[in-house]
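Student: Could you take me for a close look at one residue, and then show me how the parts beyond it are put together? I'd like to follow it step by step on the screen.

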Amino acid sequence: MRSGSIPGARGRVLPMTLLGDPVLQAPCEEVTEFGPELVRLVEDMFATMYHARGVGLAANQVGRGLRVFVYDCPDDDDVRHLGHVVNPRLVSAEGIVLRGPEGCLSLPGLEAGVERYDEAVVEGFTVDGDRVRVRGSGFFARCLQHECDHLEGRVYVDRLSGWRRSRVMRKVAKASWGR
């Protein structure tokens with residue numbers, strides 16, 4: 001992406017992959033080619049995330065099994081974090097474990113209390129191949145962990161058990177998109 005451009009301004013909105021699609025359940029592949037196709041994917045992902053009113057989006061949520069995610073997410077102090085990470089690695093998740101409400105664009109309209117650390121660090125690359133390190137706290141740390149989970153083939157429901165998981169899965173079965 002060009003310096004100074006608005007992420008997603010030149011992107012197109014892609015169809016969202018919903019829970020149950022196999023691409024959401026498989027670990028994503030490393031990106032090996034950095035070029036115009038990757039730039040276009042990231043632009044499209046921003047456009048799709050903004051259209052869906054999300055704060056983060058992984059490539060497999062738009063049907064591409066690649067290790068890429070985008071974000072435009074506040075932390076608990078209302079500081080805005082905006083960017084993307086190619087081939088991210090969650091290098092640390094620490095601090096206090098908090099259960100907080102979590103939703104997902106691939107499970108529209110649903111949310112559940114999920115336990116996450118309140119601090120996270122992700123390392124990876126930009127679309128230009130430059131190294132990047134992203135540190136998050138609070139809600140933004142939750143977002144980073146959530147997107148890294150997607151790239152490993154997990155959704156937040158996979159972190160639930162017992163009645164919390166049963167309740168969400170019942171709602172999935174009743175949702176018009178879940179049938």
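Tutor: Happy to! Let's begin at T17 in this predicted model. Leaving out residues up to four places away in sequence, T17 touches V23, L24, N60, Q61, V62, G63 and S106. T17 itself belongs to the segment before α1, the helix of residues 36-52. Is T17 buried or exposed? Its relative accessibility is 6%, and because the cut-off for buried is under 20%, T17 counts as buried. One of its contacts, G63, deserves a closer look: a polar atom of the T17 side chain lies 2.9 Å from the backbone nitrogen of G63.

Now let's turn to the sheet. Five strands make up an open sheet, in the order β1-β2-β3-β4-β5, with antiparallel pairing. Its edges are β1 (56-58) and β5, each of which pairs on one side only. On average, neighbouring strands here are turned by 30° against each other, if direction is ignored. Helix α1 packs on this sheet, where it touches β1, β2 and β3, and its direction makes about 40° with that of β2.

Let's walk across the sheet from the β1 edge. Strands β1 and β2 run antiparallel and are joined by three bridges, and L57 stands opposite V70 in β2. From β2 (residues 68-74) the next step is to β3, through seven bridges, again in the antiparallel sense. Two pairs to find on your screen are V68 with its bridge partner V86 in β3, and F69 opposite V85 in β3. The turn between β2 and β3 completes a hairpin with five residues between the strands, and D78 in that turn has a positive phi of about 65°. Strand β2 is mostly covered, with six of its seven residues buried.

Two names from β2 come up again when we look at the nonpolar residues. The largest nonpolar core has 17 residues, and the ones that touch the most other members are M45, L57, V68 and V70. Both α1 and β2 supply at least two residues of this core, but the largest share, six residues, comes from α1. What does M45 touch? Beyond its neighbours within four places in sequence, M45 is in contact with L57, A58, A59, V62, V68, F69 and V70. There is also a second, separate core, of 15 residues, which includes Y71, V85, A141 and L144. As background, nonpolar side chains in soluble globular proteins tend to be buried together.

Let's carry on across the sheet. Strand β3 (residues 80-103) pairs with β4 (residues 111-125) in the antiparallel sense, over 13 bridges. One spot to look for is A93, which stands opposite A120 in β4. A120 also faces the other way along our walk, standing opposite G136 in β5. Strands β4 and β5 (residues 131-137) run antiparallel and are joined by seven bridges. Their hairpin has five residues between the strands, and G129 there takes a positive phi near 90°.

At this edge of the sheet, pick out V132, which sits in strand β5. Its relative accessibility is 22%, and because buried means under 20%, V132 counts as partly exposed. Not counting residues up to four places away in sequence, V132 touches V85, V122, E123, G124, F125 and T126. V85 in that list is the residue we met opposite F69. You can also compare V132 with V86: they are 46 residues apart in sequence, while their C-alpha atoms are 9.0 Å apart in space.

Last, a word on the cysteines. How many disulfides does the structure hold? Zero. C28 is in no disulfide, and the nearest cysteine sulfur, in C148, is 11 Å away. The sulfur of C148 has its closest cysteine sulfur in C143, at 9.3 Å, which is too far for a bond. C28, at 8% relative accessibility, counts as buried, and C148, also at 8%, counts as buried too.

Technical notes: Residues numbered from 1 in each chain as written. Predicted model: local features only at pLDDT ≥ 70, side-chain atom pairs only at ≥ 80, totals over all residues. Heavy atoms only, no water. Pairing = 2+ DSSP bridges. Helix = DSSP H or I, 4+ residues; strand = E, 2+ residues; numbered from the N terminus. Buried < 20%, exposed > 50% of the residue type's maximum accessible area, 1.4 Å probe, protein only. Contact = heavy atoms within 4.5 Å. Polar contact = N/O pair within 3.5 Å; in protein donor to acceptor, adjacent residues only side chain to side chain. Disulfide = S-S within 2.5 Å. Axes fitted to C-alpha atoms, helices over the stretch in contact; angles between N-to-C directions. Core = buried A, V, L, I, M, F, W, Y, C linked by side-chain atoms within 4.5 Å.
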